[in-house]
Amino acid sequence: MSNEILSVTPADALIDEPRTIRVEGLSAGERITIVSQTERAAGVIWRSQAQFEADAQGVVDLTRQAPLAGSYQEVSPMGLLWSQVPEQDNCREVFADTMAQPLITELTVSTANTTLRATLTQRLMQEGVERIEVREDGLVGTLFLPATPGPHPAVMILNGSGGGINEPRAALYASRGYIAFALGYFKTPGLSDYISNTPLEYFRKGMDWLRRTQRPLGGFVALSGQSRGGELVLLLASIYPLDVSAVVAYVPGAVVHSGQNAADPKVGRDGPAWLLNGKPLTHVWQDNKTATWAPFDEGPSPHRHARAIMTALQDSEAVARARIEVEKIQGPIILLSATDDGAWPSSLYSKMIYDHLGQVGFGHVVQWVDTKDGGHSIVFPYVPTTQLVYAHPVSGKINTGGGTPSANAQSDEHSWTAVREFLQNAVRAHLKGRQSH
């Protein structure tokens, strides 16, 4: 009778909960291989494996031991999850087909005596979270309501240049106690397939709808967006400062951009992305003396979009004309960036915003979390970070978001910790501010 045990603690929890994976009862110095496999979107299996050596007590503990070999190198309690790769090419969707469906990872350990098995269950939706499709007032989105009694603060979540509705983030925000409204604005049924000529009034309507129908705690509505959505949330908060309680800007832009990769071919990638009062906003590519797409278009795949953006930033007058007036924002801001962002220079953009707000004596909290060697994709913890090269969902061009799997996993982890703390503090400050008025 073997007394070897493979344990996962906690075995079943929200996706952002770290776990302890341990094998006990081995012989001192025994070598084992742990294999992980998870069924993700469209039934695609993702796998990883790592070899370990038991310590003097006959224990392998992933929270303190690095693998001898395998899918990842360093000490990382959840390395078996972020280092997973799909069995089929061109698969990037790391979640399940529906938010209510948990991700179940099967762990298998082969020892000298036996085969041990355990499961690790990750949930995006806490039990009792409600998912509601929103198709009213011309809005297309999905609302997630927390399982606990309210009132709750609210967050509106906006996607980047891939378009669509960001349900995973919204489901997790709701599981963490926020009314979460993932609002689509293109590449969503009933809306345009492209970012070109998107009216900013649409988002204000989204915030109004959220306040009117959900009555968030103290009227608190934060905006959370990544990439083009990161540009967008800063832009909206500067144009509608009284409507935005806090800003969570993942890999944001400091300037207004053109349609770029998500543009309607009829408008062109140098045409406008955003309209206000029916008029296009001035963007950085307009009348730009130095901007060229050549560094992005030419050369071998995968292409780095950031290279073209850097040419546009050399024209300081064009940059000044297109700068987002972040000093008009009337709430706290958190910027999340990475130094090896292949899509655009989010680290430089965040520095521009951070430095400018410092110079003008901005009256609210500004936090900046920058990950060395991280790439454009910052999600939340314990999802695979291995798929760095992809075909852009609108243009089809083969791009890289940059970073390394390990740096991106670290970025996912500490960015999400920072965001959760930032939002808690923002809600507290907002409610205190209301009491003093």
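How many of the five residues of β17 are buried? Five of the five, so to speak the whole strand, and β17 counts as mostly covered. Buried here means under 20% relative accessible area, with exposed over 50% and partly exposed in between, using a 1.4 Å probe and protein chains only.

Hello everyone, a quick word on what we are looking at. This is a predicted model, in which local features need pLDDT of at least 70, side-chain atom pairs count only at pLDDT 80 or more, and totals for chains, interfaces and linings use all residues. Residues are numbered from 1 along each chain as its sequence is written, and side-chain values use heavy atoms, with hydrogens and water left out.

Let's stay with β17. On one side sit Ala246, Val248 and Tyr250, on the other Val247 and Ala249, and all are buried, which leaves both faces covered. When I say strand or helix, I mean DSSP runs numbered from the N terminus: E for strands, at least two residues, and H or I for helices, at least four.

Who are the neighbours of β17? β16 runs parallel to β17, joined by five bridges, and Gly225 stands opposite Ala249. Two strands pair, by the way, if DSSP finds at least two bridges between them. β20 also pairs with β17 in the parallel sense, over four bridges, with Leu336 as the bridge partner of Tyr250. Between β16 and β17 comes helix α4, residues 228–239, and the three make a right-handed β-α-β unit. Right-handed means that, with the strands pointing away from the viewer, the path from the first strand over the helix to the second runs clockwise.

Now zoom out to the sheet. It is an open sheet of eight strands with mixed pairing, in the order β11-β12-β14-β13-β16-β17-β20-β21. At the edges are β11 (130–136) and β21 (366–371), each pairing on one side only. On average, neighbouring strands are turned by 15 degrees against each other, direction ignored. For angles, axes are lines fitted to C-alpha atoms, for helices over the stretch in contact, and the values run from 0 to 180 degrees between N-to-C directions. One antiparallel pair in there is β12 with β14, joined by five bridges, where Val140 has Gly184 as its partner.

Helices lie on this sheet too. Helix α2, residues 167–175, lies across β11, β12, β13, β14, β16 and β17, at about 30 degrees to β12. Helix α9, residues 405–436, packs on the sheet as well, touching β13, β16, β17, β20 and β21, and its direction makes about 175 degrees with that of β17. Contact means heavy atoms within 4.5 Å.

That same α9 turns up at the second largest pocket, where it gives the most to the lining, with nine residues. The lining has 23 residues in total, and Ser245, Pro332, His364, Ala429 and His430 lie nearest the centre. The space inside is about 430 Å³. For the record, on a 1 Å grid over the protein atoms alone, a pocket is an open set of points with protein on both sides within 12 Å along at least five of seven lines, a cavity is a set where a 1.4 Å probe fits but cannot get out, and lining residues have an atom within 4 Å of a point. Points are joined across faces, edges and corners, and a volume is the space filled by probe spheres set on them.

There is one cavity of 30 Å³ or more. Its lining is Ile21, Ser36, Leu80, Leu81, Thr105, Leu107 and Leu120, with α1 and β9 each giving two or more residues. β9 also forms a hairpin with β10, with four residues between them.

Finally, some loop residues to click on. Val251, in the loop between β17 and β18, has a positive phi near 35 degrees and is buried at 2% relative accessible area. Gln260 is in the loop between β17 and β18 too, buried at 7%, and its contacts beyond four places in sequence are Arg228, Arg269, Trp293, His305, Ile309 and Trp344. Asp373 also has a positive phi, near 70 degrees, but counts as partly exposed at 37%. And there are cis peptide bonds to find: Thr9 to Pro10, with omega about -15 degrees, and Gly150 to Pro151, with omega near 0 degrees. Thanks, everyone!
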